[in-house]
Amino acid sequence: MKQIKVLGSGCARCADTAKLIEATAERLGVAVQVVKETNPQALVTYRVMSTPAVVIDETLVHSGSMPKTEHIEGWLQS
Amino acid sequence: MLEIFNYLADRLVYELIGLAPETALGSAASFFVASVSKIFVLLVVLIYVLAWLRASLNLERVRGYIAGKHRLTGYFLGAGFGAVTPFCSCSSVPVFIGFTSARIPIGVTMSFLLTSPMINEVAVVLLWGLLGWQMTLLYIVVGLSIGILGGALLDALRAERYLQPFLAKAYAEGAMTDARTESKRLSLRDRHDFARDETLGILRRVWIWVFIGVGLGAVLYGYVPDDWVERHLMDGAWWQVPLAVLLGIPLYTNVTGIVPVMESLLLKGVPIGTTLAFCMSTVAASFPEFMLLKQVMQWRLLALIFVLLLLAFTLVGWLLNALAPLLFVGL
């Protein structure tokens, strides 16, 4: 099961990103656990300065915007 | 060029709808229609053009430019980039962390963060459209100066002592100093896509503020009697500026909402320093924003910045009220 973190606090796009990932995973039938990480310390850990950012299994795959659905599909299927 | 909107609004309100220009409702309605139409046309055209120009500028590149520069250069660069990058209060915490972890001094980062909400393309568009280029220039100069001087002062007071511990550690270690920024070349198509998304995104975010701000401005313009303003605010007594600044704090709006209010205050004859102090305080000193920054700063630093801003707005207000007779002879 993929462990997915969505980094960022207080922005509407962060919540939307988490929802979009969950919905996409369900559609593709991929088992995921999506966590919204709001602790600012996580931004230092993953070296992010624009949110929302997406971390999959401890690797930063995206930052600075809401990811496009086709990108999410790519991450989930790899 | 922009008078066309006033002309069309008068036509619509007075001739088609048939309100009388002498009535409060008539003048408020004409003010509302003229301002709203002017603002939306300017917003669409200018945001698109500006976004097109700065499509390749992102926060990582800004950080790359600023990191490692001399402090003094840093304050100017910080304030300058703060002015040209669009601001969203949800990005202030990540930006603060990203800059600080790259060992950019707190003052330089604050120059960026103080200037960013005060000056942006929407503010410039509105000021220029509603109040003319002189006011726009004055507003930009004041905003940049507050950012530059505020940042320098925070460093002089060694503000880095009051960071939250995890960030103080990241600053000391330079946790992101080696961060690479990849620059990709943008095609015309990419730029168009970016500019279109920006324009739509900003419009979606600010349209409600345009209506609220202009609505409030129209009410002030149409219904607050001129002689009331004359009796209470025109004399520019010294205490009016700090009072205006204090009143501005709990009124949380963004720059889109405040510029139309500014226009009607000025039209009513409120002195320019008092008006500007009120508006900047409304835009830049907001509690929600400060609550967010609590995640990265200790209370003492937040309080310090807050007091600093209030003092700065008050001083600017006094200064402009004193200089106003020299500044705008023609207005």
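Strand 3 of chain A and strand 4 of chain A make a hairpin, with two residues between them. A:Asp57 sits in that turn and has a positive phi of about 45°. The two strands run antiparallel, and four bridges join them. Strand 3 covers residues 53-56, and strand 4 covers residues 59-63. Across the pair, A:Val55 stands opposite A:Leu60 in strand 4 of chain A. The structure described here is a predicted model.

## Where the chains meet

Now to the contact between the two chains. On one side, 19 residues of chain B take part; on the other, 13 residues of chain A. The size of an interface is often given as the accessible area lost when the parts come together. Here chain B and chain A bury about 1,300 Å² between them. Carbon and sulfur atoms account for 67% of that area.

How many salt bridges are counted between chain B and chain A? The count is zero. Polar contact between chain B and chain A comes to one residue pair, with both residues at pLDDT 80 or more.

Three helices of chain B each supply at least two residues of the side that touches chain A: helix 3 (59-66), helix 5 (92-101) and helix 8 (165-173). Helix 5 of chain B gives the largest share, seven residues. By class, this side of chain B has 13 nonpolar residues, three polar and three charged.

## Helix 5 of chain B

Helix 5 deserves its own look. It is mostly covered: ten of its ten residues are buried. The buried residues include B:Val93, B:Phe96, B:Ile97 and B:Phe99. B:Gly98 and B:Ser101 are also among them.

What covers the buried residues of helix 5 of chain B? The cover includes helix 2 (41-45) of chain A. From chain B, it includes helix 3, helix 6 (106-118), helix 8 and helix 14 (287-293). Just after helix 5 of chain B comes B:Arg103, which takes a positive phi of about 60°.

## Salt bridges

A search of the whole structure finds seven salt bridges over all chains. The table gives three from chain B.

| Residue pair | Closest N to O distance |
|---|---|
| B:Arg71 and B:Asp155 | 2.9 Å |
| B:Glu173 and B:Lys169 | 3.8 Å |
| B:Asp197 and B:Arg196 | 3.4 Å |

Take B:Arg71 and B:Asp155. They form a salt bridge, with the closest N and O atoms 2.9 Å apart. The pair links distant parts of the chain, 84 residues apart. B:Arg71 lies in helix 4 (residues 71-84) of chain B, and B:Asp155 lies in helix 7 of chain B. Helix 7 spans residues 121-156.

Is B:Asp155 buried or exposed? B:Asp155 is buried, because its relative accessible area is 9%, and the cut-off for buried is under 20%. B:Arg71 has 40% relative accessibility, so B:Arg71 counts as partly exposed. Leaving aside neighbours within four places in sequence, B:Asp155 is in contact with six residues that are easy to list: B:Arg71, B:Tyr75, B:Pro105, B:Ile106, B:Gly107 and B:Val108.

The salt bridge between B:Glu173 and B:Lys169 sits within one helix. Both residues are in helix 8 of chain B, four residues apart, so about one helical turn separates them. An α-helix has 3.6 residues a turn, so residues three or four places apart point the same way. B:Glu173 is exposed, and B:Lys169 is exposed too.

Last comes B:Asp197 with B:Arg196. Their side chains meet in a salt bridge of 3.4 Å, N to O. B:Asp197 is partly exposed, with a relative accessible area of 45%. B:Arg196 counts as partly exposed at 35% relative accessibility. Salt bridges that share partners join B:Arg189, B:Asp193, B:Arg196 and B:Asp197 into one network.

## A residue in helix 2 of chain B

B:Leu46 is placed in helix 2 (residues 24-53) of chain B. Its relative accessibility is 24%, so B:Leu46 counts as partly exposed. Which residues does B:Leu46 contact, leaving aside its neighbours within four places in sequence? They are B:Val125 and B:Trp128. B:Asp226 lies 180 residues from B:Leu46 along the chain. The C-alpha atoms of B:Leu46 and B:Asp226 are separated by 34 Å.

How values were computed: Residues are numbered from 1 along each chain as its sequence is written. Chains are lettered from A and ligands numbered from 1 in the order in which they are written. This is a predicted model: local features need pLDDT of at least 70, side-chain atom pairs count only at pLDDT 80 or more; totals for chains, interfaces and linings use all residues. Side-chain values use heavy atoms; hydrogens and water are left out. Contact means heavy atoms within 4.5 Å. Buried area is the accessible area (1.4 Å probe) that two parts lose on being put together, summed over both. A salt bridge is a side-chain nitrogen of Lys or Arg within 4 Å of a carboxyl oxygen of Asp or Glu. A polar contact is a pair of N or O atoms within 3.5 Å; within protein, one must be able to donate a hydrogen and the other to accept it, and residues adjacent in sequence count only if both atoms are side-chain atoms. Ala, Val, Leu, Ile, Met, Phe, Trp, Tyr, Cys and Pro count as nonpolar, Asp, Glu, Lys and Arg as charged, and the others, Gly among them, as polar. Buried means under 20% relative accessible area, exposed over 50%, partly exposed in between (1.4 Å probe, protein chains only). Two strands pair if DSSP finds at least two bridges between them.
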